[in-house]
Amino acid sequence: MKTRYLLPVTVNGNPVLAINDSCHVGNGGCDTNVTCSHSLPDYSVTCTCNTGFTGNGTVGNCQDSCHVNNGGCDNNATCSHSLPGYSVACTCNTGFTGNGTVGNCQESCHVNNGGCDTNATCSHSLSDYSVTCTCNTGFTGNGTVGNCQDSCHVNNGGCDTNATCSHSLPGYSVTCTCNAGFTGNGTVGNCQATCPLELQLALSQVYNNNGIGDTSMPSSANFDGGYSYSAQALAAVSITPGA
C-alpha cells in the first residue's frame with residue numbers, strides 16, 4: 001500500500017492547502033502501465049514500467065514488451081505474456097526447438113533428427129513448417145523413432161511369395177527377384193512357375209521312380225491325361241526313371 005502524505009501549507013500562519021503524495025495525483029506523471037514510487041534520499045518520483053512493459057515509465061513510454069525487440073525472444077519464437085503476472089513468455093515457433101530466448105530456437109530437424117528415426121529423413125511441411133518424418137528408401141513405417149523397418153521385413157517388401165526381397169546399391173531400394181523355378185518381375189502376382197504344375201508333379205514322380213507305367217498299362221502313368229509317362233515314352237526323350 002502506498003503511503004499518503006499531507007504537507008500543511010500556511011499563509012500568514014493559517015493553513016490553506018494540503019498537498020497529496022505525487023504518486024496519488026495522476027500516478028505521479030507516470031504511464032498507466034507504470035508503478036510510481038519515490039527515490040531516496042530526496043523522495044523524488046520514480047516511474048517503473050510494470051512487468052511485461054518496457055520504457056522509461058513516463059506517460060506514453062511503457063510499451064508492451066513483446067512490441068520491443070520481440071520481448072527478448074528469438075526471431076523464430078512468439079512473444080506472449082503469462083498469467084498471472086503478465087511476464088514475457090517466449091515460445092519457439094512450430095518447427096523450431098529451444099527455450100525461445102534470443103539464439104535459442106534451433107531448427108527442429110537439427111536436434112535429434114526432429115524426433116524422426118535414424119532411418120528417416122526429417123523435413124518440414126509447407127503449410128505450417130511442422131516436422132515431417134519420412135522413412136528412407138528401403139524402409140517402411142511412419143518415420144518416428146523406432147518406426148522405420150527394413151521394407152523386406154514387411155510383407156516381403158511388396159515382392160511375390162515366390163520371390164526374394166533384397167536391396168539394390170546405391171540407393172537401397174527394394175529389388176524383387178523370382179526364386180529358382182519361377183519367372184517374372186518379382187512383384188506380387190508376377191512370379192510364374194517355369195514349368196506347369198502338372199509337369200512338375202509328373203517329373204517329381206519320374207525322378208522318384210514312382211508310378212511309372214508301361215505302354216501295356218497306360219493308366220498307371222496317366223499324370224496328364226495323355227498317358228505319356230510310360231517308361232518307354234520317357235526313354236524316347238532320354239529320361240530314365242529314378243535316375
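The following dialogue examines how several features of this predicted model are classified.

Trainee: Why is the aromatic pair of Phe-53 and Tyr-86 called stacked?

Mentor: The ring centres of Phe-53 and Tyr-86 lie 5.5 Å apart, with 20 degrees between the planes. Centres within 6.5 Å make a pair, and planes under 30 degrees apart count as stacked, so both conditions are met. A search of the whole structure finds three aromatic pairs, of which this is one.

Trainee: What makes this a link between distant parts of the chain?

Mentor: Phe-53 belongs to strand E5 (residues 53-54), whereas Tyr-86 sits in the loop between strand E7 (77-81) and strand E8 (88-92). The two residues are 33 residues apart.

Trainee: Why is Tyr-86 classed as partly exposed?

Mentor: Its relative accessible area is 31%. Buried requires under 20% and exposed over 50%, so a value in between is partly exposed.

Trainee: How do you know that the pair of Phe-139 and Tyr-172 is stacked?

Mentor: The centres of these rings are 5.5 Å apart and the planes stand at 20 degrees, so Phe-139 and Tyr-172 are stacked. Phe-139 is in strand E13 (residues 139-140), and Tyr-172 is in the loop between strand E15 (163-167) and strand E16 (174-178), so parts 33 residues apart in sequence are tied together. Tyr-172 has 30% relative accessibility and therefore counts as partly exposed.

Trainee: Which peptide bond in the loop between E7 and E8 deserves comment?

Mentor: Pro-84 is located in that loop, and the peptide bond from Leu-83 to Pro-84 is cis, with omega near -5 degrees. Most peptide bonds are trans. A cis bond also joins Leu-169 and Pro-170, with omega about -5 degrees. Pro-170 is in the loop between E15 and E16.

Trainee: What makes the phi of Asn-155 noteworthy?

Mentor: Phi of Asn-155 is near 55 degrees, a positive value in a residue other than glycine. Most residues other than glycine have a negative phi. Asn-156 also has a positive phi, near 55 degrees. Asn-155 is in the loop between strand E14 (149-150) and E15, and Asn-156 is in the loop between E14 and E15.

Trainee: Why is Asn-155 called exposed, and why is Asn-156 called partly exposed?

Mentor: Asn-155 has 67% relative accessibility, which is over the 50% cut-off, so Asn-155 is exposed. Asn-156 stands at 28%, between the 20% and 50% limits, and is therefore partly exposed.

Trainee: What makes strands E3 and E4 a pair?

Mentor: Five bridges join strand E3 (residues 34-38) to strand E4 (residues 45-49). Pairing calls for at least two bridges, so the criterion is satisfied. The strands run antiparallel, and Thr-35 has Thr-48 as its bridge partner in E4. Six residues lie between the strands of this hairpin, where Tyr-43 takes a positive phi near 65 degrees.

Trainee: How do you know that Cys-30 and Cys-47 form a disulfide?

Mentor: Their sulfur atoms are 1.9 Å apart, and the cut-off is within 2.5 Å, so the pair qualifies. By this rule the count comes to twelve disulfides. Cys-30 is in the loop between strand E2 (14-19) and E3, and Cys-47 is in strand E4, 17 residues apart.

Trainee: Why is this disulfide of Cys-30 and Cys-47 called left-handed?

Mentor: The torsion about the S-S bond is about -80 degrees, so the disulfide is left-handed.

Trainee: Are Cys-30 and Cys-47 buried or exposed?

Mentor: Cys-30 has a relative accessible area of 4% and Cys-47 has 19%. Both values are under 20%, so both residues count as buried.

Trainee: What makes the link of Cys-49 and Cys-62 a disulfide?

Mentor: The sulfur atoms of Cys-49 and Cys-62 are 1.8 Å apart, which is within 2.5 Å, so the definition is met. With -95 degrees about the S-S bond, this link is left-handed. Cys-49 at 15% counts as buried, as does Cys-62 at 8%.

Trainee: Why is the disulfide of Cys-152 and Cys-165 left-handed?

Mentor: The torsion about its S-S bond is about -75 degrees, so the disulfide is left-handed. Cys-152 lies in the loop between E14 and E15 and Cys-165 in strand E15, so the pair ties together parts 13 residues apart in sequence. Cys-152 is buried at 14%, and Cys-165 is buried at 13%.

How values were computed: Residues numbered from 1 in each chain as written. Predicted model: local features only at pLDDT ≥ 70, side-chain atom pairs only at ≥ 80, totals over all residues. Heavy atoms only, no water. Phe/Tyr/Trp six-rings, centres within 6.5 Å; stacked < 30°, edge-to-face > 60°. Helix = DSSP H or I, 4+ residues; strand = E, 2+ residues; numbered from the N terminus. Buried < 20%, exposed > 50% of the residue type's maximum accessible area, 1.4 Å probe, protein only.
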